[in-house]
Amino acid sequence: MNPYQAPLKDMQFLLENVFDATNTWQSMPDIAEMVDMETAVAILDEASKISRDLIQPINRNGDEQEVRHVDGKVITPDGFKETYQQFSEGGWVGLCGEPDFGGMGMPKMLGVLVDEMNYSACNSFTLYSSLTAGAALCINAHATDELKEKYLPNLYSGVWSGAMDMTEPQAGSDLRNIRTKAEPLDDGSYSISGSKIFITGGDHDLTENVIHLVLAKLPNSSGISLFLVPKISVNDDGSLGEPNGVTVGSIEHKMGLKASATCVMNYDNAKGFLVGRVDRGLVCMFTMMNYERLAIGIQGLGSAQGAYQMAADYAKERVQGVAAGGSPTGATADPIIVHGDVRRMLLTIKSITDAGRALSVFTGKQLDLAKHGEGEVKAKASKYVGLLTPVSKAFLTDRGLDSTIMAQQVFGGHGYIRETGIEQFVRDTRIAQIYEGTNGIQAIDFLGRKVTGDNVATLTSFVAEISEELACLEHVSSSDKQAINSRFDKLLTIANHINDNKLSQPALINSSAVDFLDAFGYTLYGYYSLLMAERAHGHEDQEFARQKQFVAQFFMDKVLPKADFHLAQVSQGDDSIMAMPADLF
């Protein structure tokens with residue numbers, strides 16, 4: 001297997017030429033003093049070396065050896081602990097963290113690109129640092145100054161790690177039914193008792209402490225509160241004290257992500273500290289969730305990119321059959337890259353991965369503006385974050401799995417055996433459609449809350465901006481512009497119809513949501529494809545520019561029509577979905 005090579009030229013192109021990162025950063029004083037394009041390029045270059053030389057080499061062994069639960073301790077595969085220490089010492093855990101507490105303060109639109117590299121290199125490893133960064137984000141946004149000062153520096157430095165503890169056996173996506181309890185103590189802290197399941201990074205040997213963010217209920221309260229619960233108690237001077245009643249009941253044995261510890265966590269009168277206000281735990285957690293759901297979307301994107309590289313390399317090396325019409329070299333057999341079906345699969349992966357990367361950077365940009373912007377800019381960005389977060393999570397992971405399966409197909413029979421490594425991408429990526437909120441729930445959130453929740457106002461504004469941008473593209477045909485505009489127009493028409501009928505047809509949103517999100521996703525990707533082709537004109541690397549033209553044309557011809565199928569599905573309503581009685585299933 002060839003070493004992973006981060007698509008640095010594509011990444012820099014998005015920052016410099018497509019989304020105007022320089023002016024975006026300069027408009028935010030606290031970001032402007034931290035980063036410029038030269039710094040960003042240097043960070044991407046160094047991150048590419050880290051992903052290639054440090055992280056990818058442990059990927060295969062991590063999958064083979066798996067996490068182990070021995071005598072109550074969770075042990076990661078060989079090499080993980082040493083790699084995590086080097087990764088942490090480089091400051092990568094705190095890349096986008098608050099500088100006041102030891103983070104590097106980098107913008108999210110840069111951070112998403114580093115995340116993609118790491119997920120391409122090793123899904124399991126990257127989850128540990130991703131969850132830690134998310135926990136730190138939540139603590140910084142909602143915890144007291146005392147908790148921030150006590151916990152954030154060691155989280156950003158990677159000395160400690162973080163985990164998010166929500167799910168219980170009887171309360172998966174519906175958190176109202178959680179049973180974990182928090183009893184107030186005289187010193188202002190709380191005693192936490194209960195169990196959680198499916199806790200990614202709940203325990204491991206990578207760090208000396210794990211800081212849990214635990215959802216629990218107070219006595220006689222109908223709401224849910226959030227608590228910071230360290231595995232090992234932390235003394236007032238910052239040193240570690242005694243175990244805190246946080247233990248691992250078991251670890252899950254999974255289809256993929258076998259080097260990522262997924263734990264059953266038990267809390268036996270563990271001391272916890274309130275984060276945010278009483279009964280407002282979900283509000284606090286969702287500050288983190290916008291970032292985490294984008295991060296999981298990038299897991300799908302990174303897997304697609306890594307799988308694409310393997311498949312493209314294999315297709316250029318594997319000799320099998322002769323090109324239609326005869327070998328261009330007169331050989332008795334040609335590399336399979338000459339075959340139309342192989343090229344179809346590779347171009348599909350390439351086109352949706354390029355567009356997906358654009359979506360991730362744009363969403364990261366909106367997160368930056370929502371956090372650091374001012375006035376109307378901040379308000380609009382916050383709305384766009386809400387609109388695009390479920391799309392980023394669901395569409396990136398759905399298409400990520402599609403891409404890994406197509407990449408596996410390029411390998412033929414060799415893709416089904418473990419030696420090639422491509423099948424691991426399929427197994428590791430599958431979970432991304434399920435955790436951090438299943439993709440069906442993301443779609444319902446998108447259509448039910450983000451689109452019709454404000455009577456289609458935000459979606460209408462977003463589409464209007466795209467139409468204005470399309471009109472300004474000078475090197476895109478009018479027919480391609482119309483192809484995007486017409487589909488967005490139909491989306492808006494359907495969205496308004498659903499909005500008008502959502503009360504009289506209560507199952508309409510739930511039944512239509514996935515197809516609606518997919519129609520939006522394919523149409524948005526079409527826009528990004530054209531935008532990248534436009535901005536590549538005049539690029540100093542003419543081969544790079546030509547590639548962008550070819551890929552965009554393929555997407556418009558072969559992939560964009562998928563939006564029409566999903567639009568047709570939504571237009572059929574919910575009658576045939578809801579008509580059959582449950583006992584006939």
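**Figure 1. D354 and R357 pair up within one helix of this predicted model.** D354 makes a salt bridge with R357, with the closest N and O atoms 3.5 Å apart. Both residues belong to helix α11 (residues 340–372), where they are 3 residues apart, or about one turn of the helix. D354 is buried, and R357 is buried too. Zoom out a little and a network of salt bridges appears, linking D10, E116, K350, D354, R357 and K548. Across the structure, the count of salt bridges comes to 32.

**Figure 2. D63 and R427 join distant parts of the chain through a salt bridge.** Their side chains meet at 2.8 Å, N to O. D63 sits in helix α5 (residues 59–65) and R427 in helix α13 (residues 422–430), so to speak 364 residues apart. D63 has a relative accessible area of 3%, so it counts as buried. R427 comes in at 14% relative accessibility, and because the cut-off for buried is under 20%, R427 is buried as well.

**Figure 3. K271 and D187 form a salt bridge.** Here the closest N and O atoms are 2.8 Å apart. This pair again links distant parts of the chain: K271 is in strand β11 (residues 262–275), while D187 is in the loop between β4 (181–184) and β5 (190–200), 84 residues away. K271 is partly exposed, with a relative accessible area of 31%. D187 reaches 53% relative accessibility, so D187 counts as exposed.

**Figure 4. F13 meets F544 edge-to-face.** The model holds 20 aromatic pairs. In this one, the ring centres of F13 and F544 are 5.2 Å apart, with 75° between the planes. F13 lies in helix α1 (residues 8–18) and F544 in helix α18 (residues 542–559), so the contact ties together parts that are 531 residues apart in sequence. F13 is buried at a relative accessible area of 2%, and F544 is buried at 6%.

**Figure 5. F19 and Y528 form another edge-to-face pair.** Centre to centre, F19 and Y528 are 6.1 Å apart, and the angle between their planes is 80°. F19 is found in the loop between α1 and α2 (21–26), and Y528 in helix α17 (residues 508–536), so this pair ties together parts 509 residues apart in sequence. Both F19 and Y528 are buried. They also belong to a cluster linked by ring pairs, made up of F19, F362, Y384, F446, F462, F488, F516, F520, Y527 and Y528.

**Figure 6. R399 puts its charge over the ring of F395.** The charged end of R399 is 4.8 Å from the centre of that ring.

**Figure 7. M580, L584 and F585 make a nonpolar patch on the surface.** The patch covers about 370 Å². F585 lies in the segment after α20 (575–578). With 72% relative accessibility, F585 counts as exposed.

**Figure 8. Stepping back from the close-ups, here is the whole protein, with 20 helices and 11 strands.** The radius of gyration is 24 Å, close to the 25 Å that the globule rule gives for 585 residues, so the protein is as compact as a globular protein of that length. Along the principal axes, the C-alpha atoms fill a box of roughly 80 × 60 × 55 Å. Of the 585 residues, 57% count as buried.

Terms used. Residues are numbered from 1 along each chain as its sequence is written. This is a predicted model: local features need pLDDT of at least 70, side-chain atom pairs count only at pLDDT 80 or more; totals for chains, interfaces and linings use all residues. Side-chain values use heavy atoms; hydrogens and water are left out. Patches are made of residues with over 30% relative accessible area and no salt bridge: like charges are joined within 9 Å, nonpolar side chains (Val, Leu, Ile, Met, Phe, Trp, Tyr) within 5 Å. Accessible areas come from the Shrake-Rupley method with a 1.4 Å probe; for residues, only the protein chains shown count as cover. A salt bridge is a side-chain nitrogen of Lys or Arg within 4 Å of a carboxyl oxygen of Asp or Glu. Helices (H or I, at least four residues) and strands (E, at least two) are DSSP runs, numbered from the N terminus. Buried means under 20% relative accessible area, exposed over 50%, partly exposed in between (1.4 Å probe, protein chains only). Rings of Phe, Tyr and Trp (its six-membered ring) pair if their centres lie within 6.5 Å; planes under 30 degrees apart count as stacked, over 60 as edge-to-face and the rest as tilted. A charge sits over a ring if NZ of Lys or CZ of Arg is within 6 Å of the ring centre and within 35 degrees of the ring normal. The radius of gyration is taken over C-alpha atoms; the globule rule is 2.2 Å times the number of residues to the power 0.38.
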